[in-house]
Amino acid sequence: MTDSPISTRIDGDVLIITSNNPPVNALGAAVRIGLDAGLKEALDNDAVQAVVVRCDGRTFFAGADITEFTKPPVEPMLNVVIDRFEASPKPVIAAIHGTALGGGCEVTLGCHYRIAVPSAKIGTPEVKLGLLPGAGGTQRLPRVAGIETAVEMCAGGSPISASKALEVGLVDKLAGEDSLEADAIAFARECIAKGPRPSREMPVKGDPASIEAYAKANAKKFRGFEAPAANIACVEAATRLPFDEGIAFERQNFMKLMMGAQSAAQRHIFFAERQAAKIDGIGDDVNPRPVKKVGVIGAGTMGGGISMNFLSAGIPVTIVEMKQDALDRGTGVMRKNYEASAAKGRLKPEQVEQAMGLLTPTLSLEDLADCDLVIEAVFEQMEIKKEIFGKLDTICKPGAILASNTSYLDIDEIAASTSRPQDVLGMHFFSPANVMKLLEVVRGDKTAPDALVTAMGIAKKIGKVAVVAGVCHGFIGNRMLMPRQVEAMKLLMEGATPAQVDKVHVDFGMPMGPFQMSDLAGVDIGWHRDPNLIENVRDALCAKGRWGQKTGKGFYDYDEKRTPSPSAEVQAILDDFAAKSGAVKREISDEEIVERTLYPMVNEGYLILEEGKAQRASDIDVVWIYGYGWPVYRGGPMFWGDLEGAKKIVAGLEKHGFAVAKSLKAKAG
Ligand code: T1G
């Protein structure tokens, strides 16, 4: 037991098994072997009347070791260890702190009693990895916590609080926040008289009808995913099958998901998201600069949303606008957004006041002098940006980080308008900025390593998933979006309809297709505003007031519920432009739409990597998952490209006359 992550000690008649397997006590092989040996030690020692299972470090077991899933299995498997704990003739108590997740939650269910600190969380997030609790969780949870809780935890994947767990019977007792071990040992002594209480012998409690109701209520959210239905089926099986048959049913479903493409994709994204936070070539010795106060320039949709991220994280924000009415409008929208969240019960009224209380509106740029980070979110015009950064250069204190929220302009050119380009970078938020998790942190040629580290660090603090991007037109996300949009428009000229192209993308798993997205964002974005100047389809649509959802019509007509329907007026405009372009109308297959709209994105991804504008392919996947709604169960464009196969993609691209990236061609061999 010397180099095992598991140690044991005896306190009177209680044996304490402790895991110390940083960073999150994942239930890897060494941990399972150690737990098994620890139990055996307890059972072989007659002086021991009860067992406590606890973890050192920041959390109780946070699940099976996901890195082991692609390796040959090492005995004993988790379900075997859990069954042995459950079968123990001496009561076993789980002492929970941090996050008892997945296999960690299942370990607690194999124990006979559970005690937790009030701050603990318990959950079965396997569904977020395209899996289900495969060590008895779907059969023991309905018995210990009831059907309603079980189906929500398994199919939904979100953890519950210790107080909620106490309420539903998943936890028997709350410990003192700083006295878990002592309280657990005392509780173990209380349990000696009660004896063991195997979860498998408990009756399933709750209303089986709640399962179908839950499935119905979440059908839209689970669209395209395989794992939620499998989780629901397993919990349902617990309501009608004997325990061991339920376990067999669970195992069967678990293995099917584990072997499937969706779980592989979702596990890829689990690690890709964590990898994205790492900056190649910058060591842990580079420390972030302190960010205690933030400045935001522009109180429009983006400026307001960006500010809310910092206010919600408890960081004071000074927001600047040119005119009082614009300032009042912007801060008014922020308060309304907060109040809307409070109305939905996501925030307490005092939290709204707390956040808004950290906001300082001003008409003076000089009020940003003592900010540690300033984020500019004004019109996408280079001259305006350079003028602002030139002023910030004279106003802001030394060491302040100057960031632009531009979605495609040249960060190096903006930086060159200051005497401190090393402090300049891009922080590209996605609309709505207080909701979308993605943040492209754009590294300029002269951006200092500690400035970059600071931006990546503050991103995590405000709950964003940050990805480092190099300076190029559209950075990573928008750069890959462009070839898709261009091809989508060409397909309309050749005979496809907006509805056909969008359906291919929605069936693929995207929340919406290129034309629905254009209508949501606004067809008039970047339009020259001259209704008499009509050079392309977009000009023609805008000239007719078809600006998208905001005017009730764009590529589609929209009813009061914003439901899209095809438009004869749009089709006439498309036909007119097709005729003018000399394009020959023909039947377009869905397969061709995939080849011409998704394959070029993968190709662009390879070009981005070749140019060093992204650190790694998995970063590109994270950008599209968190910024553009690419279905997580397809793992992102680069991961999907590998599944689709480089050969097939190169053949598809060449068939349609695209120039193929050298590295993609090389991969196709
Ligand atoms: N296995 C392996 N590595 C893990 C891990 C796990 N379960 N959880 C975290 N890590 C690594 C992670 O990659 C990172 O590594 C470091 O730990 C810190 O993580 C049979 C089949 C616990 C809430 O899904 O949700 O049990 O990047 O940066 O923000 O039914 O980690 O430093 O090299 O995320 O404080 C179910 C997954 C597994 C929980 C902590 N469990 N983990 O968040 O730190 S499946 C989960 C998390 C299962 C059984 C089934 C979070 C966290 P590195 P971090 P954090």
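Let's start with a definition: a residue is buried when its relative accessible area is under 20%, exposed when over 50%, and partly exposed in between, using a 1.4 Å probe on protein chains only. The model is predicted, so local features need pLDDT of at least 70 and side-chain atom pairs need pLDDT 80 or more, while totals for chains, interfaces and linings use all residues. Residues are numbered from 1 along each chain as its sequence is written, and side-chain values use heavy atoms, leaving out hydrogens and water.

**Exercise 1. Work out whether R596 is buried or exposed, and find its side-chain partner.**

Step 1: Find R596 in helix 23 (residues 590-597); helices here are DSSP runs of H or I with at least four residues, numbered from the N terminus.

Step 2: Check the area. R596 has a relative accessible area of 5%, so it's buried.

Step 3: Look for a polar contact, a pair of N or O atoms within 3.5 Å; within protein, one must be able to donate a hydrogen and the other to accept it, and residues adjacent in sequence count only if both atoms are side-chain atoms. The side chains of R596 and E494 make one at 2.8 Å.

Step 4: List the contacts (heavy atoms within 4.5 Å). Leaving aside residues up to four places away in sequence, R596 touches E487, K490, L491, E494, R586, H656 and F658.

**Exercise 2. Compare the expected and actual span of helix 9, then say what its buried residues pack against.**

Step 1: The expected span is 1.5 Å times one less than the number of residues. For the 12 residues of helix 9 (residues 227-238), that gives 16 Å.

Step 2: The end C-alpha atoms sit 17 Å apart, which agrees.

Step 3: Nine of the 12 residues are buried, so to speak of helix 9 as mostly covered is fair. Among them are A227, P228 and I232.

Step 4: These buried residues pack against helix 4 (137-144), helix 5 (147-156), helix 8 (209-217), helix 10 (243-258) and helix 11 (261-276).

**Exercise 3. Describe the lining of the largest cavity.**

Step 1: On a 1 Å grid over the protein atoms alone, a cavity is a set of points where a 1.4 Å probe fits but cannot get out, and lining residues have an atom within 4 Å of a point.

Step 2: L35, V53, V81, I82, F85 and V107 line the largest cavity. Helix 2 (residues 78-86) gives the most, with three residues.

Terms used
Helix = DSSP H or I, 4+ residues; strand = E, 2+ residues; numbered from the N terminus. 1 Å grid on protein atoms, 1.4 Å probe; cavity = no way out; pocket = protein on both sides within 12 Å on 5 of 7 lines; lining within 4 Å.
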